[in-house]
Amino acid sequence: MGSAHLASLEKKAQGLKATLVFVDESGFSLLPTACRTWSPRGQTPILRHCFNWPKLSAISAVTPNPHAYLHLVPGTIASDEVIRFVEHLLRWIPGPIFLFWDGGNPHRSRQTRKALRAHRNRRRVYRLTAYAPELNPDEWLWAWLKQHALRGLCPPDLTVLKQSIRQAIRRLRRRPQIIRSFFHACPLSF
């Protein structure tokens with residue numbers, strides 16, 4: 001799906017009073033994100049870390065009206081988590097939704113397709129073009145989260161990492177102009 005097709009779907013969604021929902025997944029570990037940081041003049045900044053490798057995965061969604069949704073999962077995102085997340089979106093977003101996501105395995109699994117058939121009167125699913133992250137505003141959520149909100153974070157365990165991610169999302173929700181900027185960074189006319 002190219003940007004022209006996506007723009008036509010945006011117009012169609014407006015006519016149906018549907019909400020555009022862009023979904024993506026990402027992963028976190030206890031390793032700090034490489035970034036710029038600060039220290040007193042003349043001193044090299046030092047980030048202390050335990051070099052532990054547990055993984056935390058997340059699935060998120062952003063809408064142009066602007067809202068951000070997030071679900072954290074230890075390990076990797078599987079079909080069950082995708083189904084649970086979409087059902088959560090359907091509970092919180094009124095009216096029909098146009099769901100945009102990539103072609104990841106949990107999105108196109110038989111289990112996911114079967115579960116989503118039950119909601120076909122309220123949702124339509126569209127697959128984004130492979131290797132075109134610039135078409136998904138949710139990619140900008142991950143960039144903001146990792147490069148800004150969690151920059152230089154060295155959590156000692158997954159509990160602290162989860163708390164930090166949730167706090168960052170709460171701060172983001174209080175600043176809708178940041179969520180809007182994710183859509184302005186895409187080559188569409190949101």
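Let's start with helix α4, residues 110-117, which gives the positive patch its largest share, four residues. Helices and strands here are DSSP runs numbered from the N terminus, with H or I and at least four residues for a helix, and E and at least two for a strand. The full patch on the surface is Arg-108, Arg-110, Arg-113, Lys-114, Arg-117, Arg-120 and Arg-127.

Before I go on, this is a predicted model: local features need pLDDT of at least 70, side-chain atom pairs count only at pLDDT 80 or more, and totals for chains, interfaces and linings use all residues. Residues are numbered from 1 along each chain as its sequence is written, and side-chain values use heavy atoms, with hydrogens and water left out.

What counts as a patch? Residues with over 30% relative accessible area and no salt bridge, where like charges are joined within 9 Å and nonpolar side chains (Val, Leu, Ile, Met, Phe, Trp, Tyr) within 5 Å. A salt bridge means a side-chain nitrogen of Lys or Arg within 4 Å of a carboxyl oxygen of Asp or Glu. Lys and Arg are the positives, Asp and Glu the negatives, and His and the chain ends don't count.

One patch member to click on is Arg-120, in the loop between α4 and β5 (123-127). Arg-120 is exposed, at a relative accessible area of 57%. For these labels, buried is under 20% relative accessible area, exposed is over 50%, and partly exposed is in between, with a 1.4 Å probe and protein chains only.

Okay, zooming out. The protein chain has seven helices and five strands, and along the sequence they go α-β-β-β-α-β-α-α-β-α-α-α. Of the 190 residues in the protein chain, 41% are buried.

Now the strands. I'll call two strands paired if DSSP finds at least two bridges between them. Which strands does β2 pair with? On one side, β1 (residues 19-29) is joined to β2 by eight bridges, and the two run antiparallel. On the other pairing, eight bridges join β2 to β3 (residues 67-74), also antiparallel. A hairpin of three residues makes the connection from β2 to β3. If you want one residue to follow, take Ala-58: in β2 it stands opposite Ser-26, and Ala-58 also stands opposite Leu-72 in β3. Strand β2, residues 55-63, has eight of its nine residues buried, so the rest of the structure largely encloses it.

Next, β4, residues 97-101. How many of its residues are buried? Five of five, so to speak the strand is mostly covered. In a regular strand the side chains alternate between the two faces of the sheet. Here both faces of β4 are covered, with Ile-97, Leu-99 and Trp-101 buried on one side and Phe-98 and Phe-100 buried on the other. As for partners, β4 runs parallel to β1, joined by four bridges, and Leu-20 stands opposite Phe-98 in β4. Strand β4 also runs parallel to β5, through five bridges. There, the bridge partner of Ile-97 is Arg-123 in β5.

A few single residues, then. Lys-17 sits in the loop between α1 (3-16) and β1. Its phi is positive, about 55°, although Lys-17 is not a glycine. Most residues other than glycine have a negative phi. Is Lys-17 buried or exposed? Lys-17 counts as exposed because its relative accessibility is 70%.

Ile-77 is in another loop, the one between β3 and α2 (79-92). This one counts as buried, at 14% relative accessibility. Ile-77 and Asn-105 are 28 residues apart in sequence, and their C-alpha atoms are 9.6 Å apart in space.

Last stop is helix α6, residues 158-173, where you'll find Gln-167. Leu-161 lies in α6 too, and Leu-161 counts as buried, at 3% relative accessibility. Leu-161 and Ser-29 are 132 residues apart along the chain, with 8.3 Å between their C-alpha atoms.

Arg-170 lies in helix α6 as well, and counts as partly exposed at 44% relative accessibility. From Arg-170 to Tyr-69 is 101 residues in sequence and 10.0 Å in space, C-alpha to C-alpha. Back to Gln-167: it is partly exposed, with a relative accessible area of 40%. The C-alpha atoms of Gln-167 and Leu-150 are separated by 10.0 Å, and the two residues are 17 apart along the chain.

Conventions
Areas by Shrake-Rupley, 256 points an atom, 1.4 Å probe, with all protein chains shown as cover. Charge placed at Lys NZ, Arg CZ, Asp CG, Glu CD.
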